[in-house]
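Student: I should like to go through this model by question and answer, with the cut-off of each term stated once. May we begin?

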Amino acid sequence: GTGSFSTSLTGLAVATTYYVRAYAINSAGTSYGNEISFTTGTVAPTVTTTAVSSIGGTTAVSGGNVTSDGGSSVTARGVVWSTTSGPTVSLSTKTSNGTGTGSFTSTMSNLTPGTKYYVRAYATNGSGTSYGTELTFTTKAVAPTVTTSGASSVTSNSATVGGNVTATGGADVTERGVVWSTSQNPTTSGNKKAVGSGTGSFSTSLTGLAVATT
């Protein structure tokens, strides 16, 4: 019939110019209205997250694949990670892996040993930032960090020594203490005295030492 009408066009390509005209059909044929044009807008890019690999105590490798630029140039891409779910590019813990579409590889560094992380790829264009699927991984534990305290109360056959366990390395410190020898670089295979467990400072007294001996 006659009169005004309207319709919605869906499934259009992003950032694309379309030409459209109305039509009407009767028994004599088909006629068309004047032609108009419009250009669809852009959307955020489409990006996937690459599985995490090469997981160590302080580093891991991931990346992503920008499969669509959303109709606007991709100006930044990489991965972002956090110890809580949903990391975003507002965090400093992210990589920058160039621009454009396609695959990229990202190395995450300065991670904490024995810690669970959440990571996802990101891509940014003029319409905004989008993220790939969130993945999780746990860094490996490493050996603890310990310092040795200076010797004190040194006598002819005894001395007080100790240390400070400043980091667990991502696993419980089950034993700590001191080792000693009359030669350099003593190890736990020689003279050893355990002084508890866990982090923090500790001290102990060594007795029965030889006189006038380093």
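**Loop, sheets and surface**

Student: Where is the place of Ser158?

Tutor: This is a predicted model in which local features need pLDDT of at least 70 and side-chain atom pairs count only at pLDDT 80 or more, while totals for chains, interfaces and linings use all residues. Residues are numbered from 1 along each chain as its sequence is written, and side-chain values use heavy atoms, with hydrogens and water left out. Strands (E, at least two residues) and helices (H or I, at least four) are DSSP runs numbered from the N terminus. On that numbering, Ser158 is in the loop between strand 12 and strand 13.

Student: Does Ser158 count as buried or exposed?

Tutor: The classes rest on relative accessible area with a 1.4 Å probe and protein chains only: under 20% is buried, over 50% is exposed, and values in between are partly exposed. Ser158 has 15% relative accessibility, and it therefore counts as buried.

Student: Which side chain does a polar contact join to that of Ser158?

Tutor: A polar contact is a pair of N or O atoms within 3.5 Å; within protein, one must be able to donate a hydrogen and the other to accept it, and residues adjacent in sequence count only if both atoms are side-chain atoms. At 2.6 Å, the partner of Ser158 is Thr155.

Student: Which strands stand at the edges of the open sheet with the order 12-13-16?

Tutor: The three strands of this sheet pair in the antiparallel sense, where pairing requires that DSSP find at least two bridges between two strands. From one strand to the next, the twist averages 25 degrees, with axes fitted as lines to C-alpha atoms (for helices, over the stretch in contact) and angles running from 0 to 180 degrees between N-to-C directions. Seven bridges join strand 13 to strand 16, and one pair of bridge partners is Ala159 and Leu206. Each edge strand has a single partner, so one side is left without a neighbour in the sheet; these are strand 12 (145-148) and strand 16 (200-206).

Student: In the sheet with the order 5-6-8, how many bridges pair strand 6 with strand 8?

Tutor: Its edge strands, 5 (46-49) and 8 (102-108), each pair on one side only. Strands 5 and 6 are antiparallel over four bridges, with Thr46 the bridge partner of Ser68. Against strand 8, Ser62 stands opposite Ser106 and Val61 opposite Thr107. Strand 6 (residues 60-68) is antiparallel to strand 8, and the number of their bridges is seven.

Student: How many residues apart in sequence are the parts that Lys192 and Glu175 tie together?

Tutor: A salt bridge is a Lys or Arg side-chain nitrogen within 4 Å of a carboxyl oxygen of Asp or Glu. One is found in the whole structure, between Lys192 and Glu175 at 3.2 Å, N to O. Both residues are partly exposed, Lys192 at 44% and Glu175 at 43%. Since Lys192 lies in strand 15 (residues 191-194) and Glu175 in the loop between strand 13 (159-167) and strand 14 (177-180), the separation of the parts is 17 residues.

Student: About how much accessible area do Tyr23, Ile25 and Tyr32 have together?

Tutor: Ile25, in strand 2 (residues 23-26), is exposed, with a relative accessible area of 62%. With Tyr23 and Tyr32, Ile25 forms a nonpolar patch on the surface, whose accessible area is about 400 Å².

Technical notes
Patches are made of residues with over 30% relative accessible area and no salt bridge: like charges are joined within 9 Å, nonpolar side chains (Val, Leu, Ile, Met, Phe, Trp, Tyr) within 5 Å. Accessible areas come from the Shrake-Rupley method with a 1.4 Å probe; for residues, only the protein chains shown count as cover.
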